[in-house]
Amino acid sequence: MLERERDRAADWFRELRDRIVAAFEGLETQAPPERLADTAPGHFEVTKTTRSADDGSDAGGGLMSVMRGGRVFEKVGVNISTVHGTLGEAAISSMAARGVPGIEEDPSFWASGISLVAHMQNPHAPAVHMNTRMFWTPNAWWFGGGADLNPAIEYEEDTAHFHAEMRAACDGHGDDLYPRFKAWADEYFFIPHRKRARGVGGIFYDDLNTGDWEADFAFTRSVGSAFLPAFLPLAEKRRKADWTDEDRAAQLAHRGLYAEYNLVYDRGTKFGLATGHDPNAVLMSLPPVATWH
């Protein structure tokens with residue numbers, strides 16, 4: 001894999017990050033519901049993240065962009081990173097078990113991606129997650145990612161809209177992709193110890209390498225580009241709804257479910273912590289407030 005392709009992927013994740021941050025800050029400046037009329041529009045705080053190798057040398061980093069206490073978003077993070085180095089024993093074993101060729105002989109790697117999680121002020125507005133990434137090793141490369149909707153109070157029309165946008169992103173690259181990646185999301189975002197899904201699904205894919213880098217990169221761009229059309233209309237619509245104390249309690253309980261999944265099962269969380277990335281960036285996905293019964 002030539003360095004040029006890796007640079008193109010990293011540049012795309014930065015472009016997508018900039019687009020999403022601008023859209024979310026734009027939503028914050030719109031007239032808020034009366035309940036939050038005294039709340040100032042939220043803005044992202046941007047922090048550079050760094051990663052060091054065991055010998056102290058530079059191993060990449062990224063940008064952590066987090067908005068807290070806004071009119072629409074109670075907490076939202078949009079992170080990008082580009083990191084490189086040598087995988088540890090746990091990561092080597094995991095990737096060898098997944099069939100990554102040559103990883104035990106040469107465990108060097110490069111990875112770049114974007115990761116987003118939004119927790120909303122209004123309990124009627126769904127939380128959402130999106131990430132896309134590219135991973136490279138000397139003997140393999142692949143793309144992965146997806147997006148899923150996580151409402152505390154579900155509206156069937158919201159679920160249908162989100163899935164329609166995800167389907168449209170997939171259908172331009174193959175009729176079989178949406179059914180396959182939707183089923184993968186249903187399996188991946190399932191919480192075994194709760195015997196339920198964490199939300200209403202979306203799409204998820206990993207280890208995507210058809211042998212055509214351009215085609216796989218184009219698909220990953222389509223998934224990223226579909227995010228704002230899939231989510232922003234829902235946030236705009238639901239931010240105006242009135243809510244009760246019972247609605248807020250349902251939202252906080254669902255956030256507890258979300259936190260359980262991310263801490264126990266999520267691959268990205270495990271990989272970020274195992275490879276020494278900034279823990280604040282890795283754990284950005286956790287909600288600001290949650291409850292457990």
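Modeller: Buried means under 20% relative accessible area. This is a predicted model, and that cut-off applies to the residues below.

Colleague: Why is Arg 51 called buried?

Modeller: Its relative accessible area is 7%. The limit is under 20%, so Arg 51 counts as buried. The residue sits in strand β1, residues 45-52.

Colleague: What makes the link between Arg 51 and His 84 a polar contact?

Modeller: The side chain of Arg 51 comes to 2.6 Å from the backbone oxygen of His 84. A polar contact needs N or O atoms within 3.5 Å, so the distance qualifies.

Colleague: Why is Arg 4 called partly exposed?

Modeller: Arg 4 has a relative accessible area of 49%. Exposed requires over 50% and buried under 20%, so 49% falls in between. Arg 4 belongs to helix α1, residues 3-29. Its side chain also makes a polar contact with the side chain of Glu 5, at 3.4 Å.

Colleague: How do you know that the length of helix α5 agrees with its residue count?

Modeller: Helix α5 covers residues 213-238, which is 26 residues. At 1.5 Å a residue, the expected span is 38 Å. The end C-alpha atoms are 39 Å apart, so the two values agree.

Colleague: Where does α5 kink, and by about how many degrees?

Modeller: The kink is at Ala 226, about 30 degrees, shortly before Pro 229.

Colleague: What makes a contact at the start of α5?

Modeller: A side-chain oxygen of Asp 212 lies within 3.2 Å of the backbone nitrogen of Glu 214. The cut-off is within 3.5 Å, so this pair meets the distance test.

Technical notes:
Residues numbered from 1 in each chain as written. Predicted model: local features only at pLDDT ≥ 70, side-chain atom pairs only at ≥ 80, totals over all residues. Heavy atoms only, no water. Helix = DSSP H or I, 4+ residues; strand = E, 2+ residues; numbered from the N terminus. Expected span 1.5 Å × (residues − 1). Bend = angle between axes of the 7 residues up to and from the residue. Polar contact = N/O pair within 3.5 Å; in protein donor to acceptor, adjacent residues only side chain to side chain. Buried < 20%, exposed > 50% of the residue type's maximum accessible area, 1.4 Å probe, protein only.
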